[in-house]
Amino acid sequence: MLTLDKLTAGYGPVTALQDVTFSAGKGQITAVLGANGAGKTTLLRTVSGLHRPESGTISLDGQPLRKVNAEQMPALGMVHVPEGRGVITELTIEENLRLGGLAKGGKLRSEDLERVYELFPVLADRRASLAHTLSGGERQMLVIGRALMSEPRLLLLDEPSLGLAPRIVAQIFDLLRGLVDDQGLSVLLVEQNARSALSVADHGVVLNLGRVVADEKASVLAADDQLRHAYLGF
Ligand code: ATP
């Protein structure tokens, strides 16, 4: 569904992505893995129109996205959840979710809210509480829930596991798996936590210094001792 072809991007003299080519399949979780500075965040920001590539093509369902900017992404069915759980702490949980519904334009639908509450009962129970009362894991659920409010087909997730206990990471990844399997959502998952990411992903792409060094089924990557030791840290 999403295809990157020879994508090159950087910051002045710094090259962050060099000729990156791979596809993220429909109804799959594709993990983008690699160490600090490998280019993972730049890749997501470039896909979602927040960073201009120097060259290369990004296509969604075969259509090149070159001139599309970040504001148009929800209308195309793509939502980017950046690293750092940017919930608005002074607003309630429900107000944060409603903001997600506005991203796509048009009217907010109460059935979208109820759908998100069904997925995250912990948010439903506390819908009127201020978001600053949530734990790290609950905030991650809120930002994913907020992204789902615009009914995306493709979710771009940057390091959802960062700073969370393994039990909470497993819970969030299980939920993502359910969304993919039950609703046909596609996910591009950027993670430094390669072990957990590969346990939930269908496919994995490993970046090193901005280049793709592996593009394989997740089970194949997880079984490759040499690759794991060299690039994935487990
Ligand atoms: P991390 O997990 O630490 O965020 P990453 O794999 O996401 O790492 P990027 O943040 O995409 O990697 O960084 C790729 C390269 O681009 C690095 O060399 C980084 O120092 C550089 N870089 C990232 N952002 C900027 C910026 N705003 N200005 C200059 N260089 C940058």
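# Salt bridges and a ligand pocket

Biologist: Glutamate 138 is buried, with a relative accessible area of 17%. Which helix is glutamate 138 in?

Modeller: One note before we start: what we're looking at is a predicted model. A residue needs to be under 20% to be called buried, so glutamate 138 makes the cut at 17%. As for where to find glutamate 138 in the structure, look in helix H6.

Biologist: How confident is the predictor in the protein chain, in average pLDDT?

Modeller: Pretty confident, going by the scores, with 99% of the residues at a pLDDT of at least 70. The complex gets an ipTM of 0.95 and a pTM of 0.94. It's worth checking, since low pLDDT is where predicted coordinates should not be read in detail. For the protein chain, the average pLDDT is 93.

Biologist: Which residue forms a salt bridge with glutamate 138?

Modeller: Side chains of opposite charge can pair when their charged atoms come close. Here the N to O distance is 3.2 Å, and a salt bridge needs the atoms within 4 Å. The partner of glutamate 138 is arginine 126.

Biologist: How far apart in sequence are the parts that arginine 126 and glutamate 138 tie together?

Modeller: Their side chains meet in that salt bridge. Arginine 126 sits in the loop between H5 and H6, while glutamate 138 is in helix H6, so the pair ties together parts separated in sequence by 12 residues.

Biologist: What is the relative accessible area of arginine 126?

Modeller: Its partner, glutamate 138, is buried. Arginine 126 falls in the middle class, partly exposed, because that class covers what lies between buried (under 20%) and exposed (over 50%). The value for arginine 126 is 24%.

Biologist: How many residues lie between glutamate 114 and its salt-bridge partner arginine 127, counting along the chain?

Modeller: Their side chains meet with N and O 3.7 Å apart. This pair links distant parts of the chain: arginine 127 is in the loop between helix H5 and helix H6, glutamate 114 is in helix H4, and the two are 13 residues apart.

Biologist: What are the relative accessible areas of arginine 127 and glutamate 114?

Modeller: Both values land between 20% and 50%, so partly exposed is the label. Arginine 127 has 31%, and glutamate 114 has 40%.

Biologist: Why are glutamate 94 and arginine 98 separated by about one helical turn?

Modeller: These two form a salt bridge, with the closest N and O atoms 3.4 Å apart. An α-helix has 3.6 residues a turn, so residues three or four places apart point the same way. Glutamate 94 and arginine 98 are about one turn apart because, within helix H3, their spacing is four residues.

Biologist: Is glutamate 94 buried or exposed?

Modeller: Arginine 98, at 37% relative accessibility, counts as partly exposed. Glutamate 94 has 18%, which is under the 20% cut-off, so the answer is buried.

Biologist: How many salt bridges are there in the whole structure?

Modeller: We've talked about pairs such as glutamate 94 with arginine 98. There's also a network linking Arg109, Glu111, Asp112, Arg115 and Glu151. A search of the whole structure gives 11.

Biologist: Now the ligand: which helix gives the most residues to the shell around it?

Modeller: The residues around the ligand include Tyr11, Gly37, Lys40, Thr41, Thr42 and Gln192. By class, the shell has four nonpolar, six polar and two charged residues. The helix that gives the most, with three residues, is H1.

Biologist: What percentage of the ligand's area does the protein bury?

Modeller: Start with the contacts: ligand oxygen atoms lie 2.8 Å from an N or O atom in the side chain of lysine 40 and 2.8 Å from a polar backbone atom of threonine 41. A polar side-chain atom of threonine 42 is 2.5 Å from a ligand oxygen. Taken alone the ligand exposes 620 Å², and the share of that buried by the protein is 60%.

Biologist: How many of the eight residues of H1 are buried?

Modeller: Among the buried ones are Lys40, Thr42 and Leu43. H1 is largely enclosed by the rest of the structure because its buried residues, out of eight, number six.

Biologist: Which residue just after H1 takes a positive phi?

Modeller: H1 covers residues 40-47, so to speak of "just after" we look past its end. The phi there is about 80 degrees, and the residue is glycine 49.

Note on methods
Residues numbered from 1 in each chain as written. Heavy atoms only, no water. Near = heavy atom within 4 Å. Polar contact = N/O pair within 3.5 Å; in protein donor to acceptor, adjacent residues only side chain to side chain. Areas by Shrake-Rupley, 256 points an atom, 1.4 Å probe, with all protein chains shown as cover. Nonpolar A, V, L, I, M, F, W, Y, C, P; charged D, E, K, R; others polar. pLDDT = per-residue confidence, 0-100. Buried < 20%, exposed > 50% of the residue type's maximum accessible area, 1.4 Å probe, protein only.
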